[in-house]
Amino acid sequence: MIDPKKISGPLTQETTQIILECISDGVFTIDYNWEITSFNRAAEEITGISRKEAIGRHCWEVFRSNMCEAECALKKTMEEGKPYVSTSAYIIDSNQKKIPISVSTSLLIDKHGEVLGGVEIFRDHSLVEALRKQLSASFHVEDIVSNSNAMKKIFTILPQISQSDATVLIEGETGTGKELMARAIHNMGPRKDKPFMAINCGALPDTLLESELFGYKKGAFTHAVKDKPGKFALARGGTVFLDEIGDTSPAFQVSLLRVLQEHEYTPLGGVEKEETDVRIIAATNRDLSELMEADQFRQDLYYRVNVVKLFLPPLRQRMEDVPLLVERFVSKLNLRQGKFIQGIDHAVLASLMSHTFPGNIRELENIIEHAFVLCQEGIISCDHLPGFLVQKKQTPCQAPVDDPVKAAQINLISDALARNNYNRNAAAKDLGIHKSTLFRRIKKLGIKL
Ligand SMILES: Nc1ncnc2c1ncn2[C@@H]1O[C@H](COP(=O)(O)OP(=O)(O)OP(=O)(O)O)[C@@H](O)[C@H]1O
């Protein structure tokens with residue numbers, strides 16, 4: 001019970017403490033060494049980390065936010081001495097769950113005007129975000145936006161896939177949103193409150209990959225001074241996302257097959273098997289069935305992994321998504337950088353529409369980020385685009401065009417034809433359209449072969 005006398009008089013340290021404990025915003029303070037000096041109750045609730053664990057640790061070890069590396073709000077405040085507000089950050093809580101937050105920071109100054117460190121106040125936006133997504137559910141699933149038919153078909157079956165425990169294989173070129181899709185499946189299903197753990201299998205040698213996934217026992221190797229749980233143990237009840245599964249070695253494939261078949265694994269240096277109940281979602285940018293036929297991927301593992309398969313088409317096969325994605329990235333960056341960029345102009349859209357995006361959606365996102373560096377206000381124009389887009393011969397940014405959409409279609413088809421040695425069947429396949437549609441468009445647009 002709070003003594004009303006304590007909060008009515010002048011603010012003592014004790015009353016300040018009571019107020020801090022009562023508010024629903026997370027608040028923590030740091031000293032000049034970036035070590036946490038106080039951590040209120042709401043901060044404990046939002047991050048899932050207790051005050052005892054937090055105090056004395058570096059803020060980035062506790063407050064794991066997407067802003068930590070590049071755009072730390074506290075760092076800006078400490079450097080510039082100004083308060084800073086960001087509305088589109090997120091943190092990863094102790095259950096590895098992504099929590100959308102808004103953040104404001106300022107200097108911590110004592111009554112003599114001396115700077116003691118910094119203070120960060122953050123608000124959990126999970127509910128607002130969930131409501132916002134519900135309202136705009138038509139072409140959005142979680143963070144995925146799309147207008148294309150192929151993606152809409154996936155959106156329709158996603159609720160059933162999310163509710164089941166079946167292993168999912170997501171195929172698609174690099175940057176097509178495979179990890180985003182895996183997160184959406186996890187977040188829409190009954191495991192959403194449990195951890196989602198991602199690992200890039202192609203990037204690690206076998207022993208490291210196995211120790212990351214299965215953990216190790218004390219003494220398993222020279223530096224193994226104590227037991228360390230792997231991702232399968234940490235993700236208990238949740239989902240493990242195995243990216244680049246097509247790049248794994250035959251030896252690792254055997255270990256993985258055992259997990260999928262028997263739901264158990266042995267940590268490195270251990271003798272006893274451990275059970276696992278995680279759901280597995282795998283992804284690859286290669287064609288797994290081709291790898292299997294070439295004896296580079298085990299057949300038995302292929303059938304275990306390929307229970308439900310989703311194919312994410314490359315961006316060049318869903319160019320209708322470009323304007324929607326641009327809009328999405330512009331508003332995301334506006335929020336993150338506190339800018340008010342209104343969008344892109346006609347010539348930029350035409351230029352983007354005539355590009356083939358080998359890096360897919362990630363490449364488009366990078367192009368918009370690049371433009372944001374150069375464009376301070378107003379509308380993004382060709383001057384703000386990266387050189388490789390502007391220097392392309394006959395891009396709509398260089399040649400004046402009457403109808404930018406028509407010019408973009410001509411460019412897209414001409415590029416696909418050139419890429420495929422003017423083989424129209426191959427170009428149609430590349431563009432993801434039927435060959436008769438391609439023939440019709442070539443005629444209609446007057447493209448010379
Ligand atoms: N449909 C989409 N809507 C909005 N953003 C998207 C969409 N698809 C992908 N992105 C964004 O594009 C970037 C790349 O996505 P992601 O990492 O999921 O691709 P990936 O296929 O897993 O890539 P890789 O094969 O290289 O691992 C991310 O920043 C993601 O947020």
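Which of the 19 residues around the ligand come nearest? They are T174, G177, K178, E179 and L180. Here a residue is near a molecule or strand if its C-beta atom, placed from the backbone, lies within 6 Å of it.

This is a predicted model: local features need pLDDT of at least 70, side-chain atom pairs count only at pLDDT 80 or more, and totals for chains, interfaces and linings use all residues. Residues are numbered from 1 along each chain as its sequence is written.

**Around the ligand**

Four elements give two or more residues to the shell around the ligand: strand 7 (144-145), helix 9, helix 15 (321-337) and helix 17 (360-374). Helices (H or I, at least four residues) and strands (E, at least two) are DSSP runs, numbered from the N terminus. The shell residues divide into five nonpolar, seven polar and seven charged. Ala, Val, Leu, Ile, Met, Phe, Trp, Tyr, Cys and Pro count as nonpolar; Asp, Glu, Lys and Arg count as charged; the others, Gly among them, count as polar. Where does the ligand lie with respect to domain 2 and domain 3? Domain 2 (136-313) and domain 3 (316-445) both give residues to the shell, so the ligand lies between them. The domain bounds come from an automatic or database domain assignment.

**The five-stranded sheet**

Five strands form an open sheet in the order 9-10-13-8-14, with parallel pairing. Strand 9 (196-200) and strand 14 (308-311) are the edge strands, and each pairs on one side only. The twist averages 20° from one strand to the next. Two strands pair if DSSP finds at least two bridges between them. Strands of a sheet pair through backbone hydrogen bonds, either parallel or antiparallel. The table sets out some strand pairs, including two from another part of the chain.

| Strand pair | Bridges | Direction | A facing pair |
|---|---|---|---|
| Strand 9 and strand 10 | five bridges | parallel | A198 and F241 |
| Strand 10 and strand 13 | four bridges | parallel | T239 and R279 |
| Strand 8 and strand 13 | four bridges | parallel | V168 and I281 |
| Strand 1 and strand 5 | five bridges | antiparallel | G26 and F122 |
| Strand 1 and strand 2 | three bridges | antiparallel | F28 and F39 |

Strand 10 (239-243) is mostly covered: five of its five residues are buried. Buried means that 20 or more other C-beta atoms lie within 10 Å of the residue's own; 12 or fewer means exposed, and anything in between is partly exposed. In a regular strand the side chains alternate between the two faces of the sheet. In strand 10, T239, F241 and D243 point one way, while V240 and L242 point the other way.

**Helix 9 against the sheet**

Helix 9 lies across strand 8, strand 9, strand 10, strand 13 and strand 14. Helix 9 runs at about 165° to strand 13. Such angles run from 0 to 180 degrees between N-to-C directions, and the axes are lines fitted to C-alpha atoms, for helices over the stretch in contact. Contact means C-beta atoms, placed from the backbone, within 7 Å.

How many of the 11 residues of helix 9 are buried? Eight are, in a helix that spans residues 178-188. They are K178, M181, A182, R183, A184, I185, H186 and N187. K178 is also one of the residues that come nearest to the ligand.

**Strand 1 and its hairpin**

Strand 1 (residues 26-30) is mostly covered, with four of its five residues buried. Strand 1 and strand 2 form a hairpin with five residues between the strands. There, W34 takes a positive phi near 65°.

Definitions and conventions: Contact = placed C-beta atoms within 7 Å.
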